[in-house]
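This report describes one protein structure for a reader who has the sequence and the coordinates at hand. Please view both alongside the text.

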Amino acid sequence: MIRRLRNYWQLRRANRPRKFARLREYWRQHTSRRRFIKGALTAGSAGVVTTGYTRLWEPGRLEINRHVVPLGDNTHPIRLLHLSDLHASRVVSLDYLRHALNVGLELKPDLICLTGDFITWKYRRYDEYAELLSMLSAAAPTFACLGNHDGGTWAAKKLGYPDANHMRSTLIKADITLLHNEAQGIKINERLLNLVGMGDIWNEEFHPEQAFAKEPESGAITIALSHNPDTKQQLINYDWNLLLCGHTHGGQFYVPGIGAPLAPVRDKRFVRGLHHWNDRWLHITKGVGNLHGVRLNCRPEVSLLTLT
């Protein structure tokens with residue numbers, strides 16, 4: 001047996017130079033220097049175009065997506081603007097964010113919900129940022145929860161802050177109500193809403209038992225804000241009608257036929273759009289900003305949900 005194996009490998013080694021010789025001969029017959037250079041230039045151009053598109057074009061190609069969420073009242077619809085993952089940073093400018101917010105405000109929302117990741121890592125222009133975000137609260141009641149990049153134990157292990165005090169102060173200056181494991185009732189278009197905001201799960205601040213401790217008014221629709229859509233499983237035993245999330249950026253890179261393999265969630269079925277799940281509704285926005293200034297087949301979005 002050992003002799004047979006030795007003979008087999010000796011035969012393979014002997015044939016290897018012949019294979020390389022045949023490949024060299026095929027290359028000489030079918031490839032010229034001009035054709036080789038043309039192919040290399042074409043491949044290089046394709047790489048440059050793809051890189052330019054993912055960095056310079058798609059991250060700024062904001063789109064508007066509209067969804068209708070049936071919640072049992074066609075007579076008093078509510079226009080809810082859902083924004084997330086603004087990611088103010090070197091690659092996501094305040095000018096771009098101002099444009100995105102203006103696009104959202106042109107939709108004339110009755111209510112605005114922001115689901116975290118206002119910054120990427122450490123940031124400096126908080127006064128300007130607060131002034132920018134105040135555009136939202138001046139137009140409609142605005143509520144927010146925090147994301148993993150806004151500060152906390154996870155952010156501190158990366159390049160961020162050990163707490164979210166900077167963003168908390170910024171939201172206060174912008175007159176935006178932060179719901180951090182707490183709830184607040186509001187009446188809009190003759191309908192009672194119960195808004196419940198959660199802390200971020202990656203930063204170990206997710207406490208739904210605290211957030212849902214307050215009993216809502218009778219007949220109120222409960223809208224939950226939680227940055228990470230994976231938290232839906234931990235919220236399954238709580239009473240809510242619509243869960244708003246961000247975090248995924250829609251995958252940021254979306255491959256047709258495959259999906260979003262890089263999305264930072266365990267359940268990759270839910271990385272974008274509106275879903276009916278467990279007799280409730282779940283909306284995950286692709287977000288306004290991005291990480292590292294790149295997107296592919298996954299444009300940033302402003303989302304308008306019409307609650308009927």
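The sections below cover the overall fold, the main sheet, one helix, the salt bridges and the cysteines.

## Overall composition

The structure is a predicted model. It contains 7 helices and 12 strands. Of the 308 residues in the protein, 49% are buried. The accessible surface amounts to about 16,500 Å², and carbon and sulfur atoms account for 53% of that area.

Contacts across long stretches of sequence are also recorded. When contacts between residues at least 6 apart in sequence are considered, 74% of them join residues at least 24 apart.

## The six-stranded sheet

An open sheet is built from 6 strands in the order β1-β12-β2-β3-β4-β5, with mixed pairing. The edges are occupied by β1 (63–69) and β5 (177–178). Each of these two has a single partner strand, so one side of each is left without a neighbour in the sheet.

Within the sheet, strand β2 (residues 78–83) and strand β3 (residues 111–115) run parallel and are joined by 4 bridges. Leucine 81 stands opposite isoleucine 112 of β3.

## Helix α3 and its packing

Helix α3 comprises 12 residues, 94–105. From its first C-alpha to its last it reaches 16 Å, close to the 16 Å expected at 1.5 Å a residue.

The buried residues of this helix are Leu94, Tyr96, Leu97, Ala100, Leu101, Val103, Gly104 and Leu105. In an α-helix there are 3.6 residues a turn, so residues three or four places apart point the same way. The buried residues of α3 pack against β1, β2, β3 and β12 (301–307), and also against α4. Of these partners, β1, β12, β2 and β3 are among the strands of the open sheet.

## Salt bridges

How many salt bridges does the model contain? The count comes to 8. One of them joins arginine 125 to glutamate 128, with the closest N and O atoms 2.8 Å apart. Arginine 125 has 42% relative accessibility and therefore counts as partly exposed; glutamate 128, at 39%, also counts as partly exposed.

A further salt bridge connects the side chains of aspartate 127 and lysine 173, at 3.0 Å from N to O. This pair links distant parts of the chain, since aspartate 127 belongs to helix α4 (residues 126–139) and lysine 173 to helix α6 (residues 165–173), 46 residues apart. Are these two residues buried or exposed? Both aspartate 127 and lysine 173 are exposed.

The side chains of lysine 232 and aspartate 267 also meet in a salt bridge, at 3.1 Å from N to O. Lysine 232 is in the loop between β8 (221–225) and β9 (242–245), and aspartate 267 is in the loop between β9 and β10 (273–277), so the pair ties together parts that are 35 residues apart in sequence. Both lysine 232 and aspartate 267 are buried. Elsewhere, Glu63, Lys286 and Arg299 are joined into one network by salt bridges that share partners.

## Cysteines

A search of the whole structure finds 0 disulfides. Cysteine 245 takes part in none, and its nearest cysteine sulfur, that of cysteine 145, is 8.0 Å away. The cut-off for a disulfide is a pair of cysteine sulfur atoms within 2.5 Å.

Cysteine 245 has 0% relative accessibility and so counts as buried. Cysteine 298, at 0% relative accessibility, counts as buried too.

Methods: Residues numbered from 1 in each chain as written. Predicted model: local features only at pLDDT ≥ 70, side-chain atom pairs only at ≥ 80, totals over all residues. Heavy atoms only, no water. Buried < 20%, exposed > 50% of the residue type's maximum accessible area, 1.4 Å probe, protein only. Contact = heavy atoms within 4.5 Å. Areas by Shrake-Rupley, 256 points an atom, 1.4 Å probe, with all protein chains shown as cover. Pairing = 2+ DSSP bridges. Salt bridge = Lys/Arg side-chain N within 4 Å of Asp/Glu carboxyl O. Expected span 1.5 Å × (residues − 1).
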